[in-house]
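Biologist: Could you walk me through this model? I would like to ask about its make-up, its cores and one strand.

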Amino acid sequence: MPSISHPSATSQGDTSPEVILGVDTHKDIHVAAVISVHGALLDSRSFPTTAEGYRRLLDWALTLGRVRQAGVEGTHSYGAALTRHLLGAGIDVIEVNQPDKAHRRRRGKTDAIDAEAAARAVLSGRATALAKAGDGHVERIRLFKLAKASATKSRTQAINQLKAILVGADPALRDSMTGLSNPKLIHRCAELDPGRTDTPTAAAAYTLRLLARRIIELTREVDDLNQRITDAVNAHTPELLQRYGVGPDTAAALLLAAGDNPHRLTSEASFAALCGVSPIEMSSGKTQRRRLNRGGDRQANSALYMIVIARLRWDLRTRAYVDRRIREGKTRREAIRCLKRYVARELYELIARIPQHADLPSTT
């Protein structure tokens, strides 16, 4: 959706009282509420999820005061377009989770109440995470990865179906395919001539050819999307793919976690927490230890793990680091956790475009 030009909301009506906007997002309508900085509800209204609706929502909010912050539910789904519109108007958009269920049971559930709760979450400081912008190279990467994931899943399903058909196929057909590697098997099946499909054997040959050609086409899609993801990563952060163990998929996962506006992450520690690699204290009595963080973005966490495993296989410095930490009393799993934290620190400097420091393993 093309952005709609708006004067910066923070520059309008400097003498007006500051207010906070909250929005409960849906597919067809957004319900907005505005509260004062003292917590008083000023008004709430519904607006359609159209370009005109977004403009009317912002104009209405500005009549009630100076809007600097907006709490929005579903900034990655139903609220994505509204988020871009508000960011374009110079408003800080705060990502708000659904209201606490216990609080909802006490107050009831309406869209207006949820919108007011989103604004109050910003006012109280319960919601502080800035929303991703979703308007640059990282958004391109997200869309390409989305298409690649579905193509890869469909290809795997088609390969499994093809092999399952071969297991129960006529021996004359099955024996001609025995011992072939996957690429040769798929191309052999794609060249089958089933003729009339009036027998089970002919129907099996027809289905094998259909599945094989589907696999070949899906492979072309995956290869094309791999190249597009690589090009998008290079256009955004060309240094990222030059780091040891970082490939297009792992780089894409980390960029998606940070978003198009990585400055929303205040430090490399917040990026580590976002990726679920910040250590969690597990100390009690005489026990002093830290455990793995099982929160955060699990795809980014998996990407960091894959980078560490690649370095453990081929990088002598990484192997020496793990051996040293094990001699110090840590388990291999704890040593890998330390490495994931170090890699998050190293790559954050590239993602956030911070001047780089020496690449020395951390002893966190």
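Modeller: Happy to; your questions and my answers follow.

Modeller: First, the ground rules: this is a predicted model, in which local features need pLDDT of at least 70 and side-chain atom pairs count only at pLDDT 80 or more, while totals for chains, interfaces and linings use all residues. Residues are numbered from 1 along each chain as its sequence is written, and side-chain values use heavy atoms, leaving out hydrogens and water.

Biologist: How many helices and strands does the protein chain have?

Modeller: Both are DSSP runs numbered from the N terminus, with helices being H or I of at least four residues and strands E of at least two. By that reading, the protein chain has 13 helices and 7 strands.

Biologist: Which helix supplies the largest share of the largest nonpolar core?

Modeller: A nonpolar core is a set of buried Ala, Val, Leu, Ile, Met, Phe, Trp, Tyr and Cys residues joined through side-chain atoms within 4.5 Å; buried means under 20% relative accessible area with a 1.4 Å probe, counting protein chains only. The largest one has 41 residues, and Leu347 is among those with the most contacts inside it. The largest share of this core, 11 residues, comes from helix 13.

Biologist: Which residues is Leu347 in contact with, leaving aside its neighbours within four places in sequence?

Modeller: Contact means heavy atoms within 4.5 Å. With those neighbours set aside, the partners of Leu347 are Leu240, Arg243, Val246, Leu254 and Ile307.

Biologist: Why is strand 1 largely enclosed by the rest of the structure?

Modeller: Strand 1 covers residues 18–25. Strand 4 pairs with strand 1 in the parallel sense over 6 bridges, and strand 2 pairs with strand 1 in the antiparallel sense over 7 bridges; pairing takes at least two DSSP bridges between the strands. Strand 1 is largely enclosed because, of its 8 residues, the number buried is 7.

Biologist: In strand 4, what is the bridge partner of Val23?

Modeller: Strand 4 runs over residues 66–73. A core of 22 residues, apart from the largest one, includes a residue of interest here. That residue, and the bridge partner of Val23, is Val72.

Biologist: Is Thr83 buried or exposed?

Modeller: Thr83 is found in helix 2, residues 80–88. A polar atom of its side chain lies 2.7 Å from the backbone oxygen of Gly79, and Thr83 is in contact with residues including Val72 and Ala131. Its relative accessible area is 1%, so Thr83 is buried.

Conventions: Buried < 20%, exposed > 50% of the residue type's maximum accessible area, 1.4 Å probe, protein only. Polar contact = N/O pair within 3.5 Å; in protein donor to acceptor, adjacent residues only side chain to side chain.
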